[in-house]
Each structure stands twice: as C-alpha cells, then as structure tokens.
Amino acid sequence: MKISVVGLGYVGLVTMAVLSDNGHEIVGIDIDGEKIRRLQEGEIPIFEPGLSALIEKNRKRLEFSNSYDSITGSKYTLICVPTPTVNDRIDVHYVIESGKKINEIDPESKIVIKSTVTPGTARMLGSMINREILSNPEFLREGNAVKDTTKPDRVVIGGNGGVEDFSKIWSFTNSNMIITTNENAELIKYASNAFLATKISFINQMADLCERIPGADIRVVADGMGMDKRIGRAFLNAGTGYGGSCFPKDTRAIASFANDMGVELSIIKSTIEYNENRIGNLVNRIENIIPEKDSRITVLGLSFKENTGDLRESKSIELITELKRRGYNNLKAFDPVTSQVEGIDIVADAETAIKWSEFVIVATEWPSFSEYLEGVKDRHIIDLRRIIDNKTVKLDYGVGLNVTN
Ligand code: UDX
C-alpha cells in the first residue's frame, strides 16, 4: 500500500524504513530541501544503528520529496513533525499545519498523528478540517529505534473510525495492541514518558542518599529493587539525569497542560525540578574532588545517551558548560560519534585523551568507555554513569557510591 510520512526526523525516517521493509511503498516528505537532497543521494542524516542498512535494502520502495503533492494516492499519511515545548507549553502548530496541507492535497488519505501531542489535539485538528484523525504515538528510543519500531512493547492506536483497518499495518509486530480513543492514546504517551522520567529522578535521589551511607551502592540497590516484577530494573540507572529530545520537553508539556486543566502534577513537577538541578549538584561534588581549576580534565561522551549522535538537551554538554562556567578551562572531550561541537575541544581518540588527562569524567553510558578505562590506574576517574567496574578500577567519585566502601 502507498503510505506517506511527513517529517523525517528519527520517528519519520525509522517508520519509513520499517514500513517499507514490510512491502509498502513509502513517500517521505520534509520541508528541509537540503535533507531531502541528501536522502535522495543515499545519505542518512542521523546516526541510528541499523537504519542505513534498512533504507538501503528497501530503496526501491522509498521516495523522498519536499513537496506535499507527492502524498497523492496514499492510503495513510503519518504526521511525524516536531512538537516543541516553548515557554513550558507544547507548540502543535507544525502538526496542525501539516494536517491542513495533507487535507488540501489529498482529502482521501487518512491522517495519522504520530507526533507527541497533548490530549485533545487530534480532536481539534479533526474539527478544523472536518475529518476523522487517528492517533498512533511512537515509543521508540533513539539508539534502539529500529528494534523498538519492529518489536514494540505495545502499539497504541486511537480514533473513532478506521482504527481496526489501520492497526493491520502494525500486525507484523505481533505486539500487544491497544485500540482506544484519541485522547487515551495521546495521554498514554505522556503518562509513559513522565513515569519513566520520574523513575530516573527517583533513582538519582536514592543515589544521593547512598553516597552518604558507608557501604551503600545504588547499583546494587537498583538491582534489588528491579527484581520485584512490580518495579522492574529498567530506567533505574542513576546518572546525570535525563536529557534528549523527549523527556525534558514532554514532562514540561504535560505538567503545564494539566495545570491549565486545574490539576497539579506535583510528582512530575518535582521530577522536573530535581532533573534541572542535577548537573549543578553533581558539579558541586566535582568541585570537592577537583580543587585545582586548571587541572587537565577529559569528559567522555557528548550525546544525551549512548548509541546516538543526538546532542539535544545533552546532560554532558550541560556538564561541560557548567564546569567551564565555574572556571575549569583545561577541558577536552571524546565522543565515539560526535567530532565537532562549537566551543568544545574534541579529541579524536579516547586513549590520547585519557593519557593527556589528570581527571576523566564518564558522562555518557557508551559501553566502550569501560574498556578504555580498564586497567587505567594513574588517572583520577569520576563515573557519573556507573558503568565502570569499581571493584577493578578505583573511582574518585561514582554516582550513588559511597567511595569509603
Ligand atoms: C524516550 C522514551 O524512552 C521513548 O519511549 C519515547 O518515545 C521518546 O523518549 P529516548 O529519548 O530516545 O526515548 O531515550 P531514553 O533511552 O528513554 O533515555 C532518556 C534519558 O534518560 C537519557 O538521557 C538517558 O541517559 C536517561 N536515562 C535512561 C537514565 O539516566 N537512566 C536510565 O536508567 C535510563
């Protein structure tokens, strides 16, 4: 079947690739002409494991265009455009504009919103253009996006008409399917992300407590908690706080949305507040460990998490900025994917960077970092992600670890 995807960021590109792999003819639309040109030439603008190979494999079923006209004849058009949070409020105008555009070009093509939108948005677009709109939020994690789209924990579809029919395009996933109202679908996405963000702020607070208790280690505490099926071990890794393009923006958007409805989401609000202060609090601790401001420091990792080149709301970048603000100017960084960021001195290989440093700060959980630091004895190591085995490598500081252990 012919399906169009509007907005070729992580969600749009991965959705295109996975659906084309299932035999559909997919047209991808983006207003960024340069992005379309690169895609047409076979260049993938983002780093995402498995994505290039999948696009290459299905190239004959994929078309890239910067004209909405190309959607003509699509059974479904999936909206995957950004929904930024501006002044703590969601901005859905890209979704609304693209919905109107699709409606003008092809009134027969069924509109599906995949972008994260606050409850009521699908209904609002529907009444503006007098059509049924489907909601199909995505739950893909960057770095795992292809797998998460091919085998998601669940597929959520909201709407009034045509939901069963649309659900067939995802039946290959064999995943749990929830068919419900638009509003439930929209809220499932926010409630899930806000809950996961809360898990992270919660475990980071427990990590603060562990650091004060001789004998305590958050990793072991999280393992013990995680064995309880009601809790689960995922998203209980203490670290620098959550970053990226989703959690910070979604938690702020749902808190202000609820506020407008007269409901105070106090748990989410304190999750946000704790996360916003996280880097400042960690740097307070680092100041005690690195008293000399001209010490040679290398920060390992620049992206918001491992296996991605995405720097949006990266806690590592925030950390570097804060360290510089407090006078640490002898700073370098290494990242497995990113080689250029304005104002940051990035070293091309990790070993050179480590050799040069007096202090090494692990800021992102790339598994290769623990290999680089294995056997390193004459450097001070600060592990903000707890990926280094503290039984074999001496840590000067580890999040959630009482170093007097
Ligand atoms: C997230 C959601 O997981 C996904 O379902 C949604 O659709 C989009 O947002 P993503 O932003 O790609 O995906 O990243 P994720 O893996 O969820 O991590 C978010 C942040 O939390 C990262 O900064 C990560 O380092 C941090 N994190 C995650 C922790 O600090 N500890 C953990 O245990 C897990």
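What follows is a chat between a student and an author about the predicted model shown above.

Reader: Before we start, what kind of model is this, and how are the residues numbered?
Author: This is a predicted model, in which local features need pLDDT of at least 70 and side-chain atom pairs count only at pLDDT 80 or more, while totals for chains, interfaces and linings use all residues. Residues are numbered from 1 along each chain as its sequence is written, and side-chain values use heavy atoms, with hydrogens and water left out.

Reader: Ok, how many helices and strands are there in the protein?
Author: The protein has 14 helices and 15 strands, where helices (H or I, at least four residues) and strands (E, at least two) are DSSP runs, numbered from the N terminus.

Reader: And what radius of gyration does the protein have?
Author: The radius of gyration is 23 Å, which agrees with the value near 22 Å that a compact globule of 405 residues would have; the radius is taken over C-alpha atoms, and the globule rule is 2.2 Å times the number of residues to the power 0.38. Along the principal axes, the C-alpha atoms fill a box of roughly 65 × 50 × 35 Å.

Reader: What share of the residues is buried?
Author: Buried residues make up 54% of the 405 residues, with buried meaning under 20% relative accessible area, exposed over 50%, and partly exposed in between (1.4 Å probe, protein chains only). The accessible surface comes to about 18300 Å², and 51% of that surface belongs to carbon and sulfur atoms; such areas come from the Shrake-Rupley method with a 1.4 Å probe, and for residues only the protein chains shown count as cover.

Reader: What about contacts between residues that are at least 24 apart in sequence?
Author: Among contacts between residues at least 6 apart in sequence, 66% join residues at least 24 apart, where contact means heavy atoms within 4.5 Å.

Reader: Let's turn to H1. How far apart are its end C-alpha atoms?
Author: The end C-alpha atoms of H1 (residues 10-21) are 17 Å apart, which agrees with the 16 Å that its 12 residues should span at 1.5 Å a residue; the expected span is 1.5 Å times one less than the number of residues.

Reader: Is H1 enclosed by the rest of the structure or exposed, and why?
Author: H1 is largely enclosed by the rest of the structure, because 11 of its 12 residues are buried. Among them are Tyr10, Val11, Met16 and Leu19. After H1 comes Gly23, whose phi is positive, near 95°.

Reader: You mentioned Val11; which residue in a loop is in contact with it?
Author: That is Glu138, which, leaving aside its neighbours within four places in sequence, is in contact with Val11, Lys114, Thr116 and Lys189. Glu138 sits in the loop between strand E8 (133-135) and helix H6 (145-150), and with a relative accessible area of 11% it is buried.

Reader: New topic: how many residues of H10 are buried?
Author: In H10, 12 of the 14 residues are buried, so this helix is largely enclosed by the rest of the structure. The cover over its buried residues includes strand E5 (85-86), strand E6 (89-90), helix H8 (182-212) and helix H11 (266-289). Just after H10, Gly262 takes a positive phi of about 85°.

Reader: Which residues have a positive phi although they are not a glycine?
Author: Asp88 is one of them, with a positive phi of about 70°, and Phe235 is another, with a positive phi of about 65°. Asp88 lies in the loop between E5 and E6 and counts as partly exposed at 42% relative accessibility, while Phe235 is in the loop between H9 and H10 and is partly exposed at 27%.

Reader: Where is Arg212, and is it buried or exposed?
Author: Arg212 is found in helix H8 and is exposed, with a relative accessible area of 72%. The C-alpha atoms of Arg212 and Gly400 are 8.7 Å apart in space, although these residues are 188 apart in sequence.

Reader: Last one: what does Ile317 touch?
Author: Ile317, which lies in helix H12 (residues 315-325), is in contact with Leu302, Leu311, Val341 and Ile344, leaving aside its neighbours within four places in sequence. Its C-alpha atom and that of Ser303, 14 residues apart along the chain, are separated by 7.8 Å.
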